[in-house]
Amino acid sequence: MAQAAEAAAAGAQLVDAGRATELIQPVRAHISGVAICADETGPGGPEADVVRDATLAARSGARLICADADAAAAAVRMGVAPGRIAVRTDPAGIEAVRKAGWTALADLEPWADSPVRTQAVAAVCVWLGAGLIRTPHVAAVRRSAGMTESILGRRPPARERPGPGACGP
């Protein structure tokens with residue numbers, strides 16, 4: 001629970017309960033503004049917002065994280081709408097996932113050895129069109145993703161500061 005609260009405070013929009021489905025209700029009760037990913041339903045039946053099981057996603061209406069494009073295609077055949085599917089990929093696979101019509105979930109775990117390295121890879125992933133990013137360095141990646149979105153013109157900058165050689169008062 002503390003880890004979920006810390007991630008949300010750093011800017012995470014999704015927290016992963018994994019198999020600890022007993023966390024679904026407390027997270028919903030105490031942390032606002034975050035979606036919850038879990039492997040199954042919680043005790044008493046509360047559903048997660050995002051799941052990794054296509055049958056559960058089809059039944060509950062939750063978004064689905066698929067391990068690859070084959071799993072995503074199978075989920076569509078099971079009745080999961082393509083717009084509810086995110087496919088886990090590395091930066092090299094983002095374009096193919098997007099062209100297939102799914103949201104690309106860039107997993108930055110292989111680059112998580114340093115926040116700076118993770119920020120750089122996150123910027124590339126956002127530039128390539130990743131819709132979701134999985135990282136242990138939430139605050140650093142949020143800053144990097146926000147900066148990249150601003151450079152691409154998708155959102156205004158958080159603040160403007162003149163740099164070296166800038167003109168003005």
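The exercises below concern two helices and one loop residue of a predicted model.

**Exercise 1.** Determine which residue caps the N-terminal end of helix α4, and describe the backbone just after this helix.

*Solution.* Begin with the extent of the helix, since α4 covers residues 69–77. Next, look at D68, where a side-chain oxygen lies 3.2 Å from the backbone nitrogen of D70, and D68 thereby caps the N-terminal end of α4. Finally, move to the other side of the helix, where G79, just after α4, takes a positive phi of about 105°.

**Exercise 2.** Compare the span of helix α7 with the expected one, and work out which elements cover its buried residues.

*Solution.* Helix α7 runs over residues 138–151, and its 14 residues reach 20 Å from the first C-alpha to the last, which is close to the 20 Å expected at 1.5 Å a residue. Within α7, the buried residues are V138, A140, V141, S144, A145, G146, T148 and S150. What covers these residues includes α1 (2–9), α6 (115–128) and β7 (132–134). Just after α7, G153 takes a positive phi of about 80°.

**Exercise 3.** Decide whether T135 is buried or exposed, and trace the contacts of this residue.

*Solution.* First locate T135, which is found in the loop between β7 and α7. Its relative accessible area is 18%, and because buried means under 20%, T135 is classed as buried. The side chain of T135 reaches the backbone nitrogen of H137 at 3.0 Å. Leaving aside residues up to four places away in sequence, T135 touches L108, T118 and V141, and V141 is itself one of the buried residues of α7.

Conventions
Residues are numbered from 1 along each chain as its sequence is written. This is a predicted model: local features need pLDDT of at least 70, side-chain atom pairs count only at pLDDT 80 or more; totals for chains, interfaces and linings use all residues. Side-chain values use heavy atoms; hydrogens and water are left out. A polar contact is a pair of N or O atoms within 3.5 Å; within protein, one must be able to donate a hydrogen and the other to accept it, and residues adjacent in sequence count only if both atoms are side-chain atoms. Helices (H or I, at least four residues) and strands (E, at least two) are DSSP runs, numbered from the N terminus. The expected span of a helix is 1.5 Å times one less than its number of residues. Buried means under 20% relative accessible area, exposed over 50%, partly exposed in between (1.4 Å probe, protein chains only). Contact means heavy atoms within 4.5 Å.
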